[in-house]
Amino acid sequence: MAKIDASYTKTVGPDGVTFRIVPATSPDAGFSFARLFLAAFPAYAAVAIVGGIFGSVVLGLLSMFGEGFVKLIGGLLTLVMAGLFFYAWFLCYRWLSRWILRKGAEGRHAYDTGLLVNAEGITVLQTKQFLRHEDIHRLVIKNAFDNTLDIPLTGYVAAGSPMVVGAAAAANAMTNSVAMLANHKRRVAARVGFIVTAEAGGVAHRIAGGLTEVCAHGVMTDIGRALRDEIR
């Protein structure tokens, strides 16, 4: 999947200004060896179970036709099972990728959004939610990852034989590697995790998300102008 930066367009009409906001592409989009590796496990399990049951039954029934015939059918079944495995691997990879992207979109609040803004207020076109102008306290930019913390790296203290010390050092290095990878992934997602919220009636309403910082500031500024009032 090609990388797409967050963007928006605005159209002035008789009812006000219509915004079309497109979030940035998820950092998890595109090919991933990690997902490909994980997808192999359910694919193998499914094909092994189905193939084992089906193969046992079929070969058992065909054993009456002679050993050579059974070997021929067994070889053909092996080829069929191999093809099914790679097809199941592809399906599992595609499902896993879609699941990860959907969860990532939920975490960043990254959805295509349409807004109608005028002197009366803000209307979210998808949900028909309406925020009256006089109820809006201010427009605010937040980040979906503001309240998340980096996973701390750990040290280790080990005493004993060189084997024990080496095993402890290896385990600590592996733990820190996973933590560093998770922290890096969070920071990358945070770059496209900016949200524009309208605070109205004491509640923060998310009206656009999955944006870069520059795009979020642009959306907030233009919405404020479209309301024909200064909202600070």
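Which residue in β7 stands opposite I141? In this predicted model, that residue is V196. Let's look at the sheet around this pair and then at a buried asparagine.

**The three-stranded sheet**

Strands β6, β7 and β8 form an open sheet in the order β6-β7-β8, and their pairing is antiparallel. At its edges are β6 (136-143) and β8 (203-211), each of which pairs on one side only. Direction ignored, neighbouring strands of this sheet are turned by 20° against each other on average. Strand β7 covers residues 194-200 and is joined to β6 by seven bridges, with the two strands running antiparallel. As a general reminder, strands of a sheet pair through backbone hydrogen bonds, either parallel or antiparallel.

A helix accompanies this sheet: α4 (residues 213-226) lies across β6, β7 and β8. Its direction is at about 170° to β6.

**A look at N118**

Now to strand β3, which spans residues 113-118 and includes N118. Is N118 buried or exposed? N118 counts as buried because its relative accessibility is 14%, under the 20% cut-off. Its side chain reaches two backbone atoms, listed here:

| Side chain | Backbone atom reached | Distance |
|---|---|---|
| N118 | oxygen of D15 | 2.7 Å |
| N118 | nitrogen of E120 | 2.9 Å |

Which residues does N118 contact, leaving aside its neighbours within four places in sequence? They are D15, G16, A226, L227 and R228. D15 therefore appears both in this contact list and in the table, through its backbone oxygen. Another residue in the list, A226, belongs to helix α4 (residues 213-226).

Key: Residues are numbered from 1 along each chain as its sequence is written. This is a predicted model: local features need pLDDT of at least 70, side-chain atom pairs count only at pLDDT 80 or more; totals for chains, interfaces and linings use all residues. Side-chain values use heavy atoms; hydrogens and water are left out. Helices (H or I, at least four residues) and strands (E, at least two) are DSSP runs, numbered from the N terminus. Buried means under 20% relative accessible area, exposed over 50%, partly exposed in between (1.4 Å probe, protein chains only). A polar contact is a pair of N or O atoms within 3.5 Å; within protein, one must be able to donate a hydrogen and the other to accept it, and residues adjacent in sequence count only if both atoms are side-chain atoms. Contact means heavy atoms within 4.5 Å. Two strands pair if DSSP finds at least two bridges between them. Axes are lines fitted to C-alpha atoms, for helices over the stretch in contact, and angles run from 0 to 180 degrees between N-to-C directions.
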